[in-house]
Amino acid sequence: MNTDLSICQDVLNRDPVLYLDLTETVRRGESHVIAALPHGALAAFRNYEKDGQDLGFTMFADDLETAQILLALIPPKPDFITVHEKFYQDELKKRFGFTQLNPCWQQGWLCTTPPPLKDATVDIRQLDQSHLSIVLANYSLTDEKYLSWLITRGELYGAFEAGALLAFVGRHAEGSIGLLEVLPPYRRRGLATLLQSYMIGLELSRGRVPYGQVFDGNDASLALQRSLGMTSSMQPLYWAVRDD
């Protein structure tokens, strides 16, 4: 089966930011294309492979026939699938048991230069395992195993002042910027802007297009992305995540 995304480039060009989790991760080598069709494509994230089987996917499809072809290439029990359309929700439920699609707005940094870092008094550095407990106490959207794995890989960063951790941010296993959290005593100091700007600059320095996702309804985070100059997708994508 064709694995060249150029076959569906016209579709991808309609909303380039929307598909960054597919196109950019393929370009980086963080995902690999399983199938590319004129009206859809499916890729698997390399960091979600277990025992030789892909368990994390991203896909888009312009029509139901294309969606059915691509979904048939996914094993019966994937951990998650990021989809860029909602119309085949019934197929996701029937095939994999996914009962809910969580909408997110994809954000992309389309400039070649990073935003400025405005607070030189705060030290930004990688976290280590000694910081795991405080991260766990302040971030509830994932589990200890995943956060520990990110720390081991050097993918979590913190803002420090006088040795105290004020805020943290990271890079998810699939390659997106996220996990941004400012500890309650240190809010309203511009630390979220600082850390997001830092991550954008870090990704650019590594030859990557910085991107991330914001849950629909998280108005504060969406406002932060706009203030920095991130470009939002024109429509949401959806996370289908296994419940068990």
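## Around Ser 31

Which residues does Ser 31 touch, leaving aside those up to four places away in sequence? In this predicted model, the list runs Leu 22, Thr 25, Val 26, Ala 43, Ala 44, Phe 45 and Arg 46. Ser 31 itself sits in strand S1, which covers residues 31–37. With a relative accessibility of 2%, Ser 31 counts as buried, because the cut-off for that is under 20%.

Two of those neighbours also pair up with the Ser 31 side chain through polar atoms. The side chain of Thr 25 makes a polar contact with it at 2.8 Å, and the backbone nitrogen of Val 26 is reached at 3.2 Å.

## Helix H7

Now for helix H7, residues 191–205. Its 15 residues should span 21 Å at 1.5 Å a residue, and the end C-alpha atoms are indeed 21 Å apart, so the two agree. Of these 15 residues, 11 are buried, so H7 is largely enclosed by the rest of the structure. Among the buried ones are Leu 191, Leu 194, Leu 195, Met 199 and Ile 200, along with Gln 196, Ser 197 and Glu 203.

What does the covering? The cover over the buried residues of H7 includes helices H2 (20–28) and H8 (219–228), plus strands S8 (123–126), S9 (156–161), S10 (164–171) and S11 (177–182). After H7 comes Gly 207, with a positive phi near 75°.

## Salt bridges

Side chains of opposite charge can pair when their charged atoms come close. The count here comes to 14 salt bridges. One of them joins Arg 171 and Glu 30 at 2.5 Å, N to O. Arg 171 is in strand S10 and Glu 30 is in the loop between H2 and S1, so this pair ties together parts that are 141 residues apart in sequence. Both partners are buried: Arg 171 at 2% relative accessibility and Glu 30 at 16%.

Back in H7, Glu 203 has a relative accessible area of 0% and forms a salt bridge with Arg 208, with the closest N and O atoms 2.8 Å apart. Glu 203, Arg 208, Arg 171 and Glu 30 belong to a salt-bridge network that also includes Glu 24, Arg 27, Arg 28 and Glu 155.

Over in helix H4 (residues 89–96), Arg 95 and Glu 91 are 4 residues apart, so about one helical turn separates them. Their salt bridge is 3.0 Å, N to O. Arg 95 is partly exposed at 33%, whereas Glu 91 is buried at 10%.

## A nonpolar patch

On the surface, Met 1, Ile 69 and Leu 73 make a nonpolar patch of about 280 Å². Met 1 lies in the segment before helix H1 (9–12) and is exposed, with a relative accessible area of 62%.

Definitions and conventions: Residues are numbered from 1 along each chain as its sequence is written. This is a predicted model: local features need pLDDT of at least 70, side-chain atom pairs count only at pLDDT 80 or more; totals for chains, interfaces and linings use all residues. Side-chain values use heavy atoms; hydrogens and water are left out. Patches are made of residues with over 30% relative accessible area and no salt bridge: like charges are joined within 9 Å, nonpolar side chains (Val, Leu, Ile, Met, Phe, Trp, Tyr) within 5 Å. Accessible areas come from the Shrake-Rupley method with a 1.4 Å probe; for residues, only the protein chains shown count as cover. A salt bridge is a side-chain nitrogen of Lys or Arg within 4 Å of a carboxyl oxygen of Asp or Glu. Helices (H or I, at least four residues) and strands (E, at least two) are DSSP runs, numbered from the N terminus. Buried means under 20% relative accessible area, exposed over 50%, partly exposed in between (1.4 Å probe, protein chains only). The expected span of a helix is 1.5 Å times one less than its number of residues. Contact means heavy atoms within 4.5 Å. A polar contact is a pair of N or O atoms within 3.5 Å; within protein, one must be able to donate a hydrogen and the other to accept it, and residues adjacent in sequence count only if both atoms are side-chain atoms.
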